[in-house]
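The following exercises are to be worked through with the sequence and the structure at hand. Each task is followed by a solution in steps.

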Amino acid sequence: MTTYVVEVQDAKGQRSKEKVDANSPVEAQRLLRGKYPKIGRAKKVGLDLDMDLSVIEERLSGVGVKDKAIFSRQFSAMVNAGVGIVRCLSVLSEQCDNPKLRKALNVIGSDVQQGVNLSDAMSKHPECFDQLYVSMVEAGEAGGVLDEVLNRIAKLLEDMARLQGQIKSAMAYPVAVGLFAFAVFIGMTVFLIPVFAGIFQDLGVELPALTVFMLSLSDLLRSPRVLIPIVIIGGTVFGFQQYYKTPAGRLQIDALMLKIPVFGDLLEKNAVAKFCRIFGTLTRSGVPILSTLEISRDTAGNKVFANAIEASKQEVQQGGMISLALQRKQAFPPLAIQMMSIGEETGELDAMMMKVADFYEDEVEQAVKSLTSLIEPIMMVGVAVMVGVILLSMYLPMFKVFQELG
């Protein structure tokens, strides 16, 4: 008989592996069917160590906005068609490509089958379903409109994924050009300049300051001393990250980021669009306004805007208006404040928030395009300057020799 390792799953959705002696993989699976509700593939145990690659893949993978958007859209369609929640979760977990989300769906389905509310079961997996998602599902369960709320979640996540994708795709070209230029500069400094260094030594002429600097830089990059600036830069980045984790440091850095030319305006518009989209979606789904403000505060992504939202929450608790509270903090642009005020006066704050989100998302798209068109020529000029500096530092001594010979 041969020893096999069989992938199994218990009633709670927990995956594990069992060793069993059998004559074939089919027999190994059959021997475990009475013990576990789900049986996976069986593999023969070899001489090498049995590494659980699925566990490693699960830990390395993350659940992105796109993954949750696809799941929400499919979940909404199945619930709307009258399929039971447990059956929906089972089918979607089998079709899910993300290992971490697939495992979470299996556990959530098991909890729901035992009588736990869907929102409570999802709240046990914050790495997959954040407070925003759980609150909307809870509101959908309470109002009996889970399919509609899931559809709104999918729309929200799809809009967020689309905006993130546009920003990433717009910045991909400048980043690629920058990395290529840096690699060319390092390669020419490390490999090309030493070749000319020997020629300059044989000529015996006085080298220009630019050539001396480039030769010194080449020597530094080819010696162990290059670790010193790397350590200094790494220590500076680590210190910056630790300072940013403090409340005062995050507030100071976030406020400074909003004042950077071009980039600050883009960050402000993106934060306003995100707040309005989340606020409008939550209130339209039936989430209480105080809970909506708490979730919007936690997902703001900028401490300046988070503080402004927190101040508005405190005023709302005392009977104040959101627009006036945000206006006092001077974090949101006047146009957004005015449109919020109109929405409060007309009693259609959620609809007005969605319109503000649409407006500022369009503004972000235009700002990204403008920024890309501005960065591209700057990057090309930067590449030309770096290559030109290296070539000029190499040819200046030769020009000097030609002048002396003439």
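**Exercise 1: Partners across the strands**

V8 stands opposite S16 in β2. The model examined here is predicted.

Task. Determine which residues stand opposite E7 in β2 and Y4 in β3, and which residue of β3 is the bridge partner of V6.

Solution.
1. Begin with β1, which comprises residues 2-9. Its pairing with β2 is antiparallel and runs over eight bridges.
2. Along β2, the residue opposite E7 is K17.
3. Turn next to β3, with which β1 pairs in the antiparallel sense over five bridges.
4. Here Y4 faces K44, and V6 has A42 as its bridge partner.
5. Finally, consider the hairpin that β1 and β2 form: five residues lie between the strands, and G13 adopts a positive phi near 90 degrees.

**Exercise 2: The order of the sheet**

Task. State the order of the strands in the open sheet, and explain why one side of β2 and of β3 is left without a neighbour in the sheet.

Solution.
1. Strands of a sheet pair through backbone hydrogen bonds, in either a parallel or an antiparallel arrangement.
2. In this open sheet three strands follow the order β2-β1-β3, and the pairing is antiparallel.
3. β2 (15-22) and β3 (38-44) are therefore at the edges; because each has a single partner strand, one side of each lacks a neighbour in the sheet.
4. On average, neighbouring strands of this sheet are turned by 30 degrees against each other, direction ignored.

**Exercise 3: The two sides of a helix**

Task. Identify the buried residues of helix α11, and find where they lie around the axis.

Solution.
1. Helix α11 spans residues 247-257, and its buried residues are G249, I253 and D254.
2. These residues cover an arc of only 120 degrees around the axis, which means that they lie on the same side of α11.
3. An α-helix has 3.6 residues a turn, so residues three or four places apart point the same way.
4. The buried residues of α11 pack against α10 and α14 (303-317).
5. On the face turned away from the buried side, α11 carries the exposed residues P247 and A248.

**Exercise 4: A glycine in α10**

Task. Locate G235 and decide whether this residue is buried, partly exposed or exposed.

Solution.
1. G235 belongs to helix α10, which covers residues 227-245.
2. The relative accessible area of G235 is 43%. Partly exposed residues fall between the limits of 20% and 50%, so G235 is partly exposed.
3. For its position relative to M321, 86 residues apart along the chain, the C-alpha atoms of G235 and M321 are separated by 45 Å.

Key:
Residues are numbered from 1 along each chain as its sequence is written. This is a predicted model: local features need pLDDT of at least 70, side-chain atom pairs count only at pLDDT 80 or more; totals for chains, interfaces and linings use all residues. Side-chain values use heavy atoms; hydrogens and water are left out. Helices (H or I, at least four residues) and strands (E, at least two) are DSSP runs, numbered from the N terminus. Buried means under 20% relative accessible area, exposed over 50%, partly exposed in between (1.4 Å probe, protein chains only). Two strands pair if DSSP finds at least two bridges between them. Axes are lines fitted to C-alpha atoms, for helices over the stretch in contact, and angles run from 0 to 180 degrees between N-to-C directions. The arc is that of the directions from the helix axis to the C-beta atoms. Contact means heavy atoms within 4.5 Å.
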